[in-house]
Amino acid sequence: MLTICIQLGLTREEIQRLGTLWGKSAQLADGTMNLLLPHMLDTAAVAERVWDDYLAPSTKQLLDEATDGRGRRFFAWVCGIHDCGKATPAFQSKAATEAAALPSVGLVWDAGLVTTATSREWTHDKAGGHLLRTYLKTSARWSRTHADWIAPLVSGHHGTLRAATMKDAAHANGAAHGTTAEWRTAQAHIVEVFTRAVGYQSLTEAQPVRVPARAVQLALLGFLVMADWIASDATHFPGIPTLDRVCLAGARKRAAAAWADRRLGGGLRALKPGNSPSLFQERFGQSPRASQSLAIEVAGEMAAPGLLFLEAPMGEGKTKTALAVAEILAARFGKSGVFVGMPTQATADPIFSHVRAWAASACPGAEDDTVLLHGKRAFNPEWKAIRAGDWTTADARFRSIQEDDEDCCERYGPAEFFLGPKMGLLAHLTVGTIDQLLYAATRTRHVMLRTAGLSGKVVILDEVHACDVYMSQFLKEALFWLGQLQVPVVLLSATLPPTQRAELADAYMAGAQPDRQLSLPAPDGYPNVTAVWSGMDAPLVAHAPTWRDDLPVQVRVLPEPPTHRAGRPTPDAEREQPVADLLAKQLVDGGCALVIRNTVRRAQRTYRQLAHRFGDDVVILHGQLTTAARADRTQDLLDKLGPDDFVPRPKRVILVATQVAEQSFDIDADVIVTDIAPIDLLLQRVGRAHRHTGTARPERLATPAVYVTAFAPRTDGAGPAFERGAEFIYGRHLLLRTAAAVLRGAATGGWAVPSQVPELVAGVYADAAPLPMTWMPEAEQARAQWDAAQETRRKNASTYLLTRPGEHGAANLDGLHYAATEAADDDQLAAVVRDGEPSIEAILVLRTPTGYTTLNGTRLANDGSPGPEALEALAGDMMRLPARLTAEAVSNLAPLPGWTGHAWLRRTRALVLTPDSSEPKAELVGTVGGVTVTYNDNTGLAYTGER
């Protein structure tokens, strides 16, 4: 480093200044101060490792195109230059010991002007963005365009991209930034010496040749943050206090050791381009079905990364198809991983195993890079087996990342994003909920890490029809950025309303080819594949026959009993009698029935009445069970009713469930009773009827049948009366249209599934759905109310979208976080991307006369502190509380006193329960504010009382 200083003509005093400016204080750098230049070089050296061993070929190509083939050096330079703003009085004054040496080399400031408050306002990320932008435009003579897109990468490296304020402008020209010639010269030398050290002969040489797309800039910033965090690990990057020890070679040795410790593999980078006819057989051990072969063929015809829709019936094998398609697209377009987004945590678990098995076959060793990304993964047996170890203290190694922030260790740090159990989207192969993708479309802190993680992947999203209008705003925003980032996307659905399909395609193409006006033709058959990409002549739309013959599903209406008779509430037994009588008749010779209710309370009521009549043959499954109970019960049901015959199918079983049985729940029922829901969701439920071929069934149940309830036709010809919960959840508009389709199906003998599915969905979602004339007045009123509600939800979502309205065409990232959405954890993020009342999680804890225990009886200390054996039990006792309890829970529930020192438990509320009797299976009772809650091993959580 001294040689470079001499080559640039620096005086002895100027060199001494560079040997005094600190980057990491001794207090936060493992006891030894680290100069500013070594940290910048460390980050650049880490960036070289990221480029060589981690980045997808497609990401490298995008950066090479922006720099005329010099992407690697430019990438290292951008990542290392990020901390140049630390060469300012605002930062240098923050550590008293280190600051004391600066006046001796001529770097002084007025302590009356450079205060703790000004240092907090003029943080080094802001200062660095201003410093670099100014220097590039003046001394380096960069074009304004390039300086303007580079500067936000520096000013935004702590997670937010805000436009400069009037106060910032004052600081930029004031004492906090450094107004003396000594300060300005030192700042210039930091930039020039670092630039020469990474291999450029001058700063002018580092100027890019073209401006990359805004999405590429955001991904680049994410990788910059990643490199900075790795280089801030004091274990591998101890302080270097003297300039004579600073060199790039040393930084590279440190980076190599740190990289080896991180074990960030290369994902699928070893895939070879191809479209072998035997690919499907090689990966999954079976010949592809016609729809699977079609999707693989279409993927091979796409000339550029694009968006591929696969619409196929339940049980068609869409997940395997998507993985085969992803492999083809990844190999052809230089991607190194996949993200598979499922509708729920429960549906993500089985897919995790499928993805690991596929990865092991496609690129042996890549399965080790697979991450299950959701809050309940601790209960996935495969995850527990491959991710053993305690990562809860990992964040302590990175305390020096943000010296400007007093609460720097309370942020989303490396331990949560990629070093610890929450490795996030930066892992090459990731399975999680669709929320993880939607978060990348929110204006939240560190959103660039999500963009970086997605940049080298093929994205697969299942059950996209389940996204409501609110979630769809985030999905469309995400598709725009993915299109601009040239990320291939595969969308799976049993069927999509034509309008939704067109909107999603438009969103992707707006990013991929903004000047293209897209006209998307409707598929002619089912299953079908639709593909769009930049530069195409026209969308590619094709269809294939399904692998099995249509099922003639009988459709019947089971009228909902009235809630009141003669002014009095109808007793529960009477309200559930139609279902109980029906099942008694249908299951007289045995069989498996699935009863789906729209609300947990309704499911619990149904379960109690059916259990009274059918005993232990009745099982309930819903979201208000503890995590462990729900996982165990789900696995038991999959074993008994799933596609494998390892466990004998029970002679008779009745499963009462909520919407958890609606998506990616591979069970087979002989007969289904379901509350009414919009037609696409209703058909998902119908898809559980006779799902598996070769299943032995009672003769009475040889023909699949679905009985639709939660509504009752009226004798006066008006529209039907809907059960209150169904109408509250789904709205009267779609339920009226679905009820008309159900009644037509019942009148004509049923539905042909799957061939009739697209027709049914299109009919309900059409502008003019076929309805009885006598329903029209209330149908028109319901439509008007629906349209108004949908528009309100669109506007509500726009508050949190990543891009400001009208700014999709902006040239750089400046001001992207124009009004940042503060969401520090998954609960808050979920509230951003999902509409409705927010909900929170709590751990159920049992209070006994002798102290606290977990629900399985594992003892806790008097203050609630858990031993190692209790941690897993406590995690299993967690559950998401009903949304109606959120306000009371926030105000009245808190962690137990002994949890405050635990990285995970300290943020988790405890719901303390006591047995209501001395019986072994006694019901547990507690309170949440003014609400009484109970927990039962069978029925789960219930609540009563006035709020």
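Strand 16 (residues 652-657) is mostly covered, with five of its six residues buried. The structure described here is a predicted model. Its largest nonpolar core has 186 residues, and a second, separate core comprises 71 residues. The whole structure holds zero disulfides and 13 aromatic pairs.

**Strand 16 and its partners**

- Strand 14 (residues 591-596) runs parallel to strand 16, and six bridges join the two.
- Within this pairing, Val595 has Val656 of strand 16 as its bridge partner.
- Strand 15 (residues 618-621) also pairs with strand 16 in the parallel sense, over four bridges.
- Here Val619 stands opposite Leu655 of strand 16.

**Strand 18 and its partners**

- Strand 18 (residues 705-709) is largely enclosed by the rest of the structure, because five of its five residues are buried.
- Burial applies to both faces of strand 18: Ala705, Tyr707 and Thr709 are buried on one side, and Val706 and Val708 on the other.
- Strand 11 (residues 551-557) pairs with strand 18 in the parallel sense over four bridges, and Arg556 has Tyr707 of strand 18 as its bridge partner.
- Strand 17 (residues 671-675) pairs with strand 18 in the parallel sense over five bridges, and Thr674 has Val708 as its bridge partner in strand 18.

**Nonpolar cores**

- In the largest nonpolar core, of 186 residues, Phe75, Trp77, Ile150 and Trp358 have the most contacts inside the core.
- Helix 13 (residues 214-231) supplies the largest share of this core, 14 residues.
- The second, separate core of 71 residues includes Val686, Val708, Leu760 and Leu881.
- Val708 of that second core is also one of the buried residues of strand 18.
- Apart from neighbours within four places in sequence, Trp358 is in contact with Leu268, Arg283, Phe284, Leu323, Glu327, Val338 and Leu429.

**Helix 5**

- Eight of the 10 residues of helix 5 (residues 71-80) are buried, so this helix is largely enclosed by the rest of the structure.
- Those buried residues are Gly71, Phe74, Phe75, Ala76, Trp77, Val78, Cys79 and Gly80.
- They pack against helix 3, helix 4, helix 9 (124-137), helix 10 (144-155), helix 12 (181-197) and helix 13.
- Two of the buried residues of helix 5, Phe75 and Trp77, are among those with the most contacts inside the largest nonpolar core.

**Aromatic pairs and charges over rings**

- One of the 13 aromatic pairs is formed by Tyr54 and Phe223, which meet edge-to-face at 6.1 Å centre to centre with 75 degrees between the planes.
- Tyr54 lies in the loop between helix 3 (36-53) and helix 4 (57-66) and Phe223 lies in helix 13, so the pair ties together parts that are 169 residues apart in sequence.
- Both members of the pair are buried: Tyr54 has a relative accessible area of 5%, and Phe223 has a relative accessibility of 3%.
- Trp51, Tyr54, Phe75, Phe223 and Trp259 form one aromatic cluster.
- Phe75 of this cluster is also a buried residue of helix 5.
- Arg289 lies over the face of Trp547, 3.9 Å from the ring centre.
- The charged end of Arg804 sits over the ring of Tyr818, at 4.1 Å from the ring centre.

**Cysteines**

- A search of the whole structure finds zero disulfides.
- Cys84 is in no disulfide, and the nearest cysteine sulfur, that of Cys79, is 13 Å away.
- Cys84 counts as buried because its relative accessibility is 1%, under the 20% cut-off for burial.
- The sulfur of Cys247 is 13 Å from the closest cysteine sulfur, that of Cys5, which is too far for a bond.
- Cys247 is partly exposed, with a relative accessible area of 35%.

**Strand 10 and Ala542**

- Ala542 is found in strand 10 (residues 540-543).
- Ala542 and Val529 are 13 residues apart in sequence, and their C-alpha atoms are 5.4 Å apart in space.
- Leaving aside neighbours within four places in sequence, Ala542 is in contact with Leu294, Asn528 and Val529.

Conventions. Residues numbered from 1 in each chain as written. Predicted model: local features only at pLDDT ≥ 70, side-chain atom pairs only at ≥ 80, totals over all residues. Heavy atoms only, no water. Core = buried A, V, L, I, M, F, W, Y, C linked by side-chain atoms within 4.5 Å. Buried < 20%, exposed > 50% of the residue type's maximum accessible area, 1.4 Å probe, protein only. Contact = heavy atoms within 4.5 Å. Disulfide = S-S within 2.5 Å. Phe/Tyr/Trp six-rings, centres within 6.5 Å; stacked < 30°, edge-to-face > 60°. Lys NZ or Arg CZ within 6 Å of the ring centre and 35° of its normal. Pairing = 2+ DSSP bridges.
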